[in-house]
Amino acid sequence: MTGLAPPAVRVRPATGSTGGRSGSIGWMALPALTIFVAFGVVPLAGVLLLSFTRWDGIGAIHPAGLDSWRTVLTDPGLPHALWVTFLVMALSWAFQTPMSLLMGVFLAGRQRYREILAIVYVVPLLLSSAALAITYKALLDPNFGLGAGLGFSFLAQDWLGRGTLALGVVVFVVSWQFIPFHALIYQGGVRQIPVALYEAAQIDGAGRLRQFFSITLPQLKYTIITSSTLMVVGSLTFFDLIFVLTEGGPGDATRVLALDMYKRGFQANLMGPASAIAVILVLVGLALALLLRRLGGRDASASQQEGM
Amino acid sequence: MATLTTDTGRAADAPTGQGPRGRARGAGIGRFNWPGGLAGWVWLVIVVVPLYWIVITSLKERSSYYAQNPLAPPSDPTLENYRLVIESEFARYLTNSIIVTVGSVVPAVLVSFMAAYAIVRASAGSRFLRWTNVLFLMGLAIPLQATIIPVYLIIIRLQMYDTLLAIILPSIAFAVPLSVLVLANFIRDVPKELFESMRMDGATEWRTLWHLAFPLTRPALVTVSIYNGLSIWNGFLLPLILTQSPEQRTLPLALWTFQGEYGVNVPAVLASVVLATLPILVLYALGRRQLLSGLTLGFGK
């Protein structure tokens, strides 16, 4: 979950009420700026440069013009990786959003037992992706896993050995970890909806379902955008989980972009093409972030209570 | 896991219906929300079963694991698996993880705090600070893994490959943008009069930073530290790429290699999962609310 664009980026200019001395504290930002430039900005520029070179990861770096781009763009592996990345993104969004919305609304109730449910839900978030992947690998083992042990044949499939199933497992494990996170976001959103809206609706005779679709959902618009942005942009970063769980397999069935980059760069020692993939990854991430912003309407300060 | 059980105990005598508090603020939901409730309880089972399975299996003997019903509690629980994991250099990996996490979070939060303070206090009068802020905001959109190849190159050229510092430096860099953003939003909420009165008293900006802004933004500092700490503690990509020797492994990487070596010994593998997660679970038990707010970084507020 690193490097996600948060929803409401406030760039409010500070009020310079402190007078003339203020400019002299610029140095306080220097340490943060230095390290961020060295290990964030420079690598970002570097990855673009490296995509025009040939490098095996150890020896010297040779300029290679457009070679890597030609390799990458003509390789059928790229559309496949993009497709798998899209599938993981879309499926995990489509599964997580309704579930976390339902659970968020449910958790917004103030009953004590719901708080306890929330305590338990969060535990998967504390596990590292590596721990999670290892656990599910053992759990889903067709011979020694849970399904085999319980004697349920439908659970004892070769989950990670068949392409579509493996993709489904990835989506499930991601959801298992992150649905509670999004449910908590929705819980917060629901709690901010003015009760007066529901009271007015009740007086008007609106039923529960009607209230949900006419009040809760529209009022949660910005929460839904926040949560969706986090899901979609975050899904580009499922490297560790997929790496440990399936290593992109079986075959190339779960080879998402990030994994494609790793395999080309650090396993096949082709840093040029790997850098080209990384550039594509950055572009996809940026495009998605911008798209979601557009969808959400740029004016985040518009009243969420229109129609009141 | 200790809090979970005690909390369940307390829940027994808590009112389960809508209390007066619930009615006033419960988003207008008067009756039971069946679809939500169903999803909530089903999800509880989905979450609890694997967690339960991890814990009981880690206490089973290897032989009985294959023979027994996987969801039955161990007939004679053993700590043998834990002994095996601990003897496989667990302490070293734990130490490495602690060094990397603390060594990244503390500097990251401190430099971010200073930067956030400068940006809030002076960016109106300083073009440099405005640009710095814009750069950090753009940094939020950079996915860490996309820059990993140049980071690897830089680390090699700095002769830092296969050291813990190689993990720490990029971790700090990638923690900075979000930390600055969150901290700046908090510092903005500090009443201006307080800054003014500090200035009247003749305090320098440096003194104001540590004696006024620092204590007042402590909740945000904790939140940001937890968020960064958790993602660095669980980080896999940087250790995978920037280290090589077993002596420099952090816990997630060690888990992965342990599974490679002992893959067939499922109880031992799961014991390693439990041990690697235990420190975080203890923290969760100690400061659940703070950890939750750290996890969601205020998104859920």
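This is a short chat about the contact between chain A and chain B and about helix packing in chain A.

Q: What kind of model is this, and what cut-offs apply?
A: It is a predicted model: local features need pLDDT of at least 70, side-chain atom pairs count only at pLDDT 80 or more, and totals for chains, interfaces and linings use all residues. Residues are numbered from 1 along each chain as its sequence is written, chains are lettered from A in the order in which they are written, and side-chain values use heavy atoms, with hydrogens and water left out.

Q: How many residues does each chain put into the contact?
A: Chain A gives 118 residues and chain B gives 127 residues. Contact means heavy atoms within 4.5 Å.

Q: And what area do chain A and chain B bury?
A: About 11000 Å² between them, with 74% of it on carbon and sulfur atoms. Buried area is the accessible area (1.4 Å probe) that two parts lose on being put together, summed over both.

Q: Which helix of chain A gives the most to that side?
A: Helix H1 (residues 30-50) of chain A, with 17 residues. Helices are DSSP runs (H or I, at least four residues), numbered from the N terminus.

Q: How do the residues on the chain A side divide?
A: Into 83 nonpolar, 25 polar and ten charged. Ala, Val, Leu, Ile, Met, Phe, Trp, Tyr, Cys and Pro count as nonpolar, Asp, Glu, Lys and Arg as charged, and the others, Gly among them, as polar.

Q: Switching topic. How do H3(A) and H12(A) cross?
A: The axes of helix H3 (residues 77-107) and helix H12 (residues 257-267) of chain A come within 8 Å and cross at roughly 140 degrees. Axes are lines fitted to C-alpha atoms, for helices over the stretch in contact, and angles run from 0 to 180 degrees between N-to-C directions.

Q: Which residues make that contact?
A: Leu78(A), Ala81(A), Leu82(A) and Thr85(A) of H3(A), with Leu257(A), Asp260(A) and Arg264(A) of H12(A).

Q: Where does H3(A) meet H4(A)?
A: At Met103(A), Phe106(A) and Leu107(A) in H3(A), and at Tyr113(A), Arg114(A), Leu117(A), Ala118(A) and Tyr121(A) in H4(A). By class, that contact has seven nonpolar, no polar and one charged residues.

Conventions:
Helix = DSSP H or I, 4+ residues; strand = E, 2+ residues; numbered from the N terminus.
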